Amino acid sequence: MLGDTIAAISTPRGRGGVAVIRVSGAMAVSVVDAIFTAKNGRSLAEQEARRVIRGEVFSTDEKNEKTVLDDVLVTVFRAPASFTGEDTVEIACHGGILLTETILTALLCNGARAAEAGEFTRRAFLNGKIGLSSAEALGNILEAQTAEQIKLAHTGMSGKIEQKSAQIYGSLRDILASIYAKIDYPDEDLADMSREEMLAALTKCKNMTDALVRSYKTGHAIAEGITTVICGKPNVGKSSLYNCLLGREAAIVTDIEGTTRDVLTETVSLGRVMLRLFDTAGMRETDNPVERIGISRTRDALASAELVFALFDGSRPIDEEDRELIELLDAHGGTVVAVLNKCDLQKSASMEEIASRFAHTVTVSAETGEGIEELIALVDRLFTDEQINLGEDAVLTNARQHAAAMNASMAVGRAMEALSVGLPIELACTDAEDAMEAIAELDGRAVSEDIVAQIFSHFCVGK
Ligand code: GDP
């Protein structure tokens with residue numbers, strides 16, 4: 001509900017120098033006023049907005065006796081000049097767990113409601129302060145693990161996707177106005193644009209939309225990560241390569257429990273991109289039932305991998321097990337890179353044969369690190385677009401945005417087709433309307449309640 005006043009501790013739960021408690025809504029100022037005494041003797045309602053005010057917060061018991069809780073700094077933001085677009089008050093207090101919770105309780109006793117996850121940002125979106133893509137970028141910056149992710153999220157937060165969307169949306173609106181004029185007054189020349197001009201404008205829209213669609217390749221690789229599996233028979237050096245990748249560019253390594261299959265994933269930043277590296281230990285024939293489950297999970301992971309490092313021992317002749325792997329990967333839908341390991345040892349004559357079976361081959365030594373830079377550069381080349389300027393361009397970072405942009409692109413394409421082959425203009429009209437709807441979904445100006453709820457549920461309380 002938008003009408004009520006919400007409060008939450010916006011800093012992480014724990015001990016710290018300072019914690020911030022945020023209150024937002026029509027009653028924000030009076031709720032905080034009820035527990036706050038300013039040193040300058042004025043009520044919060046009388047204080048200047050965006051000024052830091054020093055004072056004390058207190059709680060009140062049943063007998064109306066006050067207990068001072070902390071010495072705090074309070075800032076008032078008046079609607080609409082606040083993050084949420086509502087009256088907002090921020091209390092900076094000392095960062096004790098019990099202290100912050102006691103202050104929050106005092107606020108809740110005086111008319112505020114505990115905020116739900118992401119509710120401040122959700123309000124900012126609903127009040128038109130930020131677009132949906134910016135809100136998503138804000139979520140990403142909180143989760144960022146690499147410098148590239150921060151750069152991408154920061155660009156997203158500045159509203160780049162919304163700006164591009166608005167440009168495309170405005171253009172489609174102009175085209176539609178001309179189409180409507182032609183439909184309503186077919187015999188008069190009231191439309192601003194001729195068919196040719198409409199086609200030219202639609203081509204521009206298509207180019208802009210397609211650039212957005214293409215940007216997702218890079219955005220996905222950086223923000224979401226590339227699902228990657230290292231596979232190969234035992235002893236080719238899978239663990240060594242794994243460690244080598246972790247050790248080299250691995251800025252951050254985290255353990256993420258897979259939710260459905262319990263497959264352990266390591267997140268590794270590699271050059272500009274991020275790999276979600278699946279642990280494939282145990283990919284071999286075995287009678288051990290536990291190991292078998294592991295292998296079947298590995299096969300699942302392999303099937304859904306976007307990137308596969310097929311590892312071979314480059315110092316030994318290729319054998320039956322290697323050939324089986326090559327066969328298995330022949331039908332793989334993702335990007336497969338043959339990695340010929342142990343290049344510090346003598347080279348086997350089979351290397352050429354292996355290389356001939358794969359689109360990409362890199363020779364490395366997981367032991368000495370030789371060739372790893374080439375591997376990183378190859379992955380970067382394959383999964384990102386170097387034309388994209390991360391700090392400048394609109395880059396899509398999730399499947400929702402990508403699907404909306406794809407729908408827009410296809411609808412614009414259909415409208416162009418209808419116009420260029422001389423079909424009745426009504427057909428182009430429906431397609432252009434569909435394209436506008438998809439763009440509205442992309443930037444969130446028209447998006448379903450469910451999707452909004454789902455996006456903000458991933459945020460933490462207090463954001
Ligand atoms: P996995 O069974 O595929 O995970 O293979 P490991 O990573 O456990 O490596 C098997 C053996 O090969 C170990 O003795 C490693 O030290 C060795 N090894 C791995 N990579 C290299 C390499 O690049 N050069 C050399 N000389 N030995 C390697």
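**Why it is called that: a chat about this model**

Biologist: Why does Glu119 count as buried?

Modeller: Its relative accessibility is 7%. Buried means under 20%, so Glu119 counts as buried. Keep in mind that this is a predicted model.

Biologist: What makes Arg113 partly exposed?

Modeller: Arg113 has 25% relative accessibility. Partly exposed sits between the 20% and 50% cut-offs, so Arg113 gets that label.

Biologist: How do you know that the side chains of Glu119 and Arg113 meet in a salt bridge?

Modeller: The N to O distance is 2.7 Å. A salt bridge needs a side-chain nitrogen of Lys or Arg within 4 Å of a carboxyl oxygen of Asp or Glu, so this pair passes. As background, side chains of opposite charge can pair when their charged atoms come close.

Biologist: How many salt bridges does the structure hold?

Modeller: There are 23.

Biologist: What makes the pair of Arg323 and Glu353 a salt bridge too?

Modeller: The distance is 3.5 Å, N to O, and the limit is within 4 Å, so the pair qualifies.

Biologist: Why do you say this pair ties parts of the chain together?

Modeller: Arg323 belongs to helix α10 (residues 320-330), while Glu353 belongs to helix α11 (residues 351-357), so the salt bridge ties together parts 30 residues apart in sequence. Arg323 is partly exposed at 33%, and Glu353 is partly exposed at 35%.

Biologist: How do you know that Arg414 and Asp434 meet in a salt bridge?

Modeller: Here the N to O distance is 3.7 Å. The cut-off is within 4 Å, so this pair counts as well.

Biologist: Which helices does that pair link?

Modeller: Arg414 is in helix α13 (residues 399-420) and Asp434 is in helix α14, and the two residues are 20 apart. Arg414, at 40%, is partly exposed, and so is Asp434, at 33%.

Biologist: Which residues do salt bridges with shared partners join into one network?

Modeller: Asp4, Glu86, Arg113, Glu116, Glu119 and Arg123.

Biologist: On to the ligand. Which residues around the ligand come nearest?

Modeller: Of the 15 residues around it, Asn235, Lys238, Ser239, Ser240 and Asp344 come nearest. Helix α8 (residues 238-248) gives the largest share of that shell, 3 residues. By type, the shell has 4 nonpolar, 6 polar and 5 charged residues.

Biologist: What makes the approach of Lys238 to the ligand a polar contact?

Modeller: A backbone N or O atom of Lys238 lies 2.8 Å from a ligand oxygen. The limit for such a pair of N or O atoms is within 3.5 Å, so it counts. A polar side-chain atom of Asn341 is 3.1 Å from a ligand nitrogen, and one of Ser365 is 3.0 Å from a ligand oxygen.

Biologist: How much of the ligand does the protein bury?

Modeller: Taken alone, the ligand exposes 570 Å², and the protein buries 72% of that.

Biologist: Why is Leu427 called partly exposed?

Modeller: Its relative accessible area is 40%, between the 20% and 50% cut-offs, so the label fits. Leu427 is in helix α14 (residues 425-443). Together with Val421 and Leu423, Leu427 forms a nonpolar surface patch with about 240 Å² of accessible area.

Biologist: And what makes Ser304 partly exposed?

Modeller: Ser304 has 43% relative accessibility. The cut-off for exposed is over 50%, and buried is under 20%, so Ser304 counts as partly exposed. You'll find Ser304 in helix α9 (residues 289-304).

Notes
Residues are numbered from 1 along each chain as its sequence is written. This is a predicted model: local features need pLDDT of at least 70, side-chain atom pairs count only at pLDDT 80 or more; totals for chains, interfaces and linings use all residues. Side-chain values use heavy atoms; hydrogens and water are left out. A residue is near a molecule or strand if one of its heavy atoms lies within 4 Å of it. A polar contact is a pair of N or O atoms within 3.5 Å; within protein, one must be able to donate a hydrogen and the other to accept it, and residues adjacent in sequence count only if both atoms are side-chain atoms. Accessible areas come from the Shrake-Rupley method with a 1.4 Å probe; for residues, only the protein chains shown count as cover. Helices (H or I, at least four residues) and strands (E, at least two) are DSSP runs, numbered from the N terminus. Ala, Val, Leu, Ile, Met, Phe, Trp, Tyr, Cys and Pro count as nonpolar, Asp, Glu, Lys and Arg as charged, and the others, Gly among them, as polar. Patches are made of residues with over 30% relative accessible area and no salt bridge: like charges are joined within 9 Å, nonpolar side chains (Val, Leu, Ile, Met, Phe, Trp, Tyr) within 5 Å. Buried means under 20% relative accessible area, exposed over 50%, partly exposed in between (1.4 Å probe, protein chains only).
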